[in-house]
Amino acid sequence: MTHLTRRTILAGTAAVSAAASLPIVAGTVIHAAAPLAGQQAPAWYRIKVGTMEVTVIAEGARISPLPDNFVRNKSREEVVAALQAAFLSVEQFMLPFNSVVVNTGSKLVAIDAGFGPGALATSKGSMGQGQANLKAAGIDISAIDAVIISHFHGDHINGLVTDGKPSFPNAEVMVPTPEWNFWMDDGNMAKAPEAMKGAFANVRRVFGIIGNKRTNYEPGKDVAPGIASMAAHGHSPGHTVHIVNSGNSSVMIQGDTTILPQLFVRNPDWHVMFDMDGPAAEATRRRIYDRLVADKMLVHGYHYPFPALAYIEKSATSYREIPVSWNPTI
């Protein structure tokens, strides 16, 4: 057994100092701290729906302070309490964005177009990643046959154009007729609150570039093989959801029927600031979520956390999302 004394400790210290002063021998490996990566991997996720393939494309997320009026009919304190109960930050509020591409077997169909690559980027959040993630998923944007739009808010249509040109060069852009009629009505634009006039101008900018590649569709009709549309008004005047169906499998692409599920699935009576008609949006939410529960149908939420897929269960007065488990196979 070695006994530590003042003499042995001093001798050990001297030996370490001497070793430190020795020259480095050629071939000696020196391990330095690795640089921080500072970014996430490209984000996309695939599932099978019958014989079809559905790819969720992460558009990024926006991180910002929680607005005081984020929920119009509830106090900030109630919203903060719900965020805390869901273990979400109340200091920096994060809202994710996720679009979808459906391979029907005969067509490639995108549902919503995201922000586009020119979207705002910040040090703690980045939007407009959709086109880069499409490429990472092996999807050529020029191979997309159709882009189906759920509604005309900027985070769903701005990605239709890039640098003043159509982003999807060979795609037909399909829009719900009630949405088109509202936003293209000069009278609606004239009487809109000042805060909404920019949204009207943006719609006209985007579709001015798209030109004759746009066609209208009626909610309630099939918009592509295996893809049906269903009116879901309230969030916007012509907001529309889509159901991808093949064989015995279905997934509802619900657009903005709810926003962040931890708040608005669990509290269907809450009216988010983005809903243009809060009571109508609530009625639509309950109708659609009752169907999801009854049919045990998978749902994709544009503003759900990636990969933005869940099942819905019902409680006495509310609903709850059950996120899908990540699957390493398709």
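This report describes the overall make-up of a predicted model, then one helix, one cavity and one loop residue.

**Overall make-up**

The protein contains nine helices and 18 strands. Of its 330 residues, 45% are buried. Among contacts with a separation of 6 or more, 68% join residues 24 or more positions apart. The accessible surface is about 16,700 Å², and carbon and sulfur atoms account for 57% of that area.

**Helix 2**

Helix 2 spans residues 76–85, and its buried residues are Val 79, Val 80, Ala 82 and Leu 83. These four lie on the same side of helix 2 because they cover an arc of only 160° around the axis. The general background is that an α-helix has 3.6 residues a turn, so residues three or four places apart point the same way.

What does the buried side of helix 2 pack against? Its partners are strand 3 (93–103) and helix 8 (261–264). On the face turned away from the buried side, Glu 77 and Ala 85 are exposed. Just after helix 2 comes Phe 87, which has a positive phi of about 60°.

**The largest cavity**

Three cavities of 30 Å³ or more turn up in a search of the whole structure. The largest holds about 100 Å³ of space. Its lining consists of 14 residues; nearest the centre are Glu 59, Ser 99, Ala 113, Leu 134 and Phe 168. At least two lining residues come from each of strand 2 (52–64), strand 3 and helix 3 (130–136). Strand 3 therefore appears twice in this account: the buried residues of helix 2 pack against strand 3, and strand 3 supplies part of the cavity lining.

The table breaks the lining down by class.

| Class of lining residue | Number in the largest cavity |
|---|---|
| Nonpolar | seven residues |
| Polar | five residues |
| Charged | two residues |

**Pro 169**

Where does Pro 169 lie? Pro 169 sits in the loop between strand 9 (165–166) and strand 10 (172–176). With a relative accessible area of 34%, Pro 169 is partly exposed, since that class runs from 20% to 50%.

Which residues does Pro 169 touch, leaving out those up to four places away in sequence? They are Ile 141, Ser 142 and Lys 213. For Ser 142, the C-alpha to C-alpha distance from Pro 169 is 5.7 Å, although the two are 27 residues apart in sequence.

Terms used
Residues numbered from 1 in each chain as written. Predicted model: local features only at pLDDT ≥ 70, side-chain atom pairs only at ≥ 80, totals over all residues. Heavy atoms only, no water. Buried < 20%, exposed > 50% of the residue type's maximum accessible area, 1.4 Å probe, protein only. Contact = heavy atoms within 4.5 Å. Areas by Shrake-Rupley, 256 points an atom, 1.4 Å probe, with all protein chains shown as cover. Arc of directions from axis to C-beta. 1 Å grid on protein atoms, 1.4 Å probe; cavity = no way out; pocket = protein on both sides within 12 Å on 5 of 7 lines; lining within 4 Å. Points joined across faces, edges and corners; volume = space filled by probe spheres on them. Nonpolar A, V, L, I, M, F, W, Y, C, P; charged D, E, K, R; others polar.
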